[in-house]
Structures are given as structure tokens and as C-alpha cells.
Amino acid sequence: MQVVSSHEEKMKKTVLSLKEGFAAIRTGRASASLFDRIKIDYYGEKSPLNQIANISIPEARLIVIQPWDKNLIGEIEKAIRSSELSLNPSNDGKVIRISIPPLTEERRKELVKVAKNHAEQSRVAIRNIRRDGNDELKKLLKDSKITEDDETKESAELQKLTDSYINQVNQVLEEKEKEIMEV
């Protein structure tokens, strides 16, 4: 039914959003996805870093950013320093090099807490989507657009979807925790 499929789409987006959020959590390993949320002022427009520079990872703990316009090096450096990534870029006038320091045990535990918080917000969002779907089904039943049997069946289907997507959130969290805690 339309109600279930539209709410399933919202649940998919919630899990996808969680994965994108996790990509921005630093794990002690170099990754170009760390910079997905960093925007640079490029001729009056806020542009994503990966659209104005080449980001490469020559070593496990080194990131090299080579802007296509050399005049942007200062802007890029400033944006990285002011981000919540706690990274210290250095440049030689042509490229920016960022050494990814290993995370301390304390910092790892902090990042796991952040990840768990993101996951909990996603679980709450999924449950809210289920509630909205059930409300919609009750309204359709009240307006006599569906039968009680249909409402019960659709409600059960919505619950199955909710359980499935909450399990996906838990799996994504588990993988991220392993990634953060590995030395």
C-alpha cells in the first residue's frame, strides 16, 4: 500500500543520513569522506571541497589536497582548521598535506559516544516515521477508505519495516564502533 511504501522511503533516507553522518566521524585513518561537509568560499559561492580540489590518500595516515586554483590554499586551510575535525593542515604553496594522528583511547571512547548518539537519533526518527504511518492508517480507517483488516495488516507491515531499519541502524553503528576502536 502507498502508506507503507512512502514511510519505508523515509526510513531508508534516515539510515542513509546516518551513514553520511558517520563518514564525517574521524577514525584515525585517512579518508577523503572526512571532508564531505567542508565548504569553501569560492568566488562568493560556498562550494564543497571535493569540487574545487583533488583529495588523495598516498599513505594510510596522510591526506594530500591539491586545489585546482592555487589562490584557494589559504581558504581551504582555514576551513579545515575551523572544522570540528581537529586536524592541522600544512601547505607548501602548491598542495596541502594533512597528517592524521592516531587517536587516543579517550578520544576513541568519545567518538563512540558521538556515534551512539547519532544512531539513537536515527532510531527515534524511524519510530516517529512508524507512528506517523500508523496515524495515517487510523485516519484512512476513520474516513472509511480502508477496512479494519487492511489497517491491521498494514500496521503489522509497518512494524516489520521499523524493526528491519532499526536493525540496520544497529549494524551500521556496530561497524563504526569497530572502525573507531581499532588501533
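**Notebook: pocket, two helices, two positive phi values**

I began with the largest pocket of this predicted model, and found that helix 3, residues 105–142, gives the most to its lining, with four residues. I then looked up the volume, and the space in the largest pocket comes to about 160 Å³. I listed the lining next: it is made up of Gly21, Ala24, Ile25, Arg26, Arg37, Glu84, Leu85, Arg107, Leu111, Val114 and His118. Sorting the lining residues by character, I noted five nonpolar, two polar and four charged.

**Entry on helix 3**

Since helix 3 leads the lining, I checked its geometry. Helix 3 has 38 residues and spans 55 Å from its first C-alpha to its last, which is close to the 56 Å expected at 1.5 Å a residue. I then asked which residues of helix 3 are buried. The list holds Arg108, Leu111, Val112, Ala115, Ala119, Ser122, Arg123, Ile126, Ile129, Gly133, Asn134 and Leu137. I noted that Leu111 is on this buried list and also appears in the lining of the largest pocket. For the packing partners, I found that the buried residues of helix 3 pack against helix 1, residues 2–23, and against helix 4.

**Entry on helix 4**

I gave helix 4, residues 148–181, the corresponding checks. Helix 4 has 34 residues and reaches 49 Å between its first and last C-alpha, close to the 50 Å expected at 1.5 Å a residue. Its buried residues are Glu151, Glu154, Leu158, Leu161, Thr162, Tyr165, Ile166, Val169, Val172, Leu173, Lys176 and Ile180, and I recorded that charged residues are among them, including Glu151, Glu154 and Lys176. The buried residues of helix 4 pack against helix 1 and helix 3.

**Entry on the backbone**

Where does serine 144 lie? I located serine 144 in the loop between helix 3 and helix 4, and just after helix 3 it takes a positive phi of about 60 degrees, although serine 144 is not a glycine. I also looked up the accessibility of serine 144, which is exposed at a relative accessible area of 63%.

I found a further positive phi at tyrosine 43, of about 55 degrees, although this residue is not a glycine either. Tyrosine 43 sits in the loop between strand 1, residues 39–42, and strand 2, residues 45–48. Is tyrosine 43 buried or exposed? Its relative accessibility is 67%, so I entered tyrosine 43 as exposed, the cut-off for that word being over 50%.

Terms used. Residues numbered from 1 in each chain as written. Predicted model: local features only at pLDDT ≥ 70, side-chain atom pairs only at ≥ 80, totals over all residues. Heavy atoms only, no water. 1 Å grid on protein atoms, 1.4 Å probe; cavity = no way out; pocket = protein on both sides within 12 Å on 5 of 7 lines; lining within 4 Å. Points joined across faces, edges and corners; volume = space filled by probe spheres on them. Helix = DSSP H or I, 4+ residues; strand = E, 2+ residues; numbered from the N terminus. Buried < 20%, exposed > 50% of the residue type's maximum accessible area, 1.4 Å probe, protein only. Expected span 1.5 Å × (residues − 1). Contact = heavy atoms within 4.5 Å.
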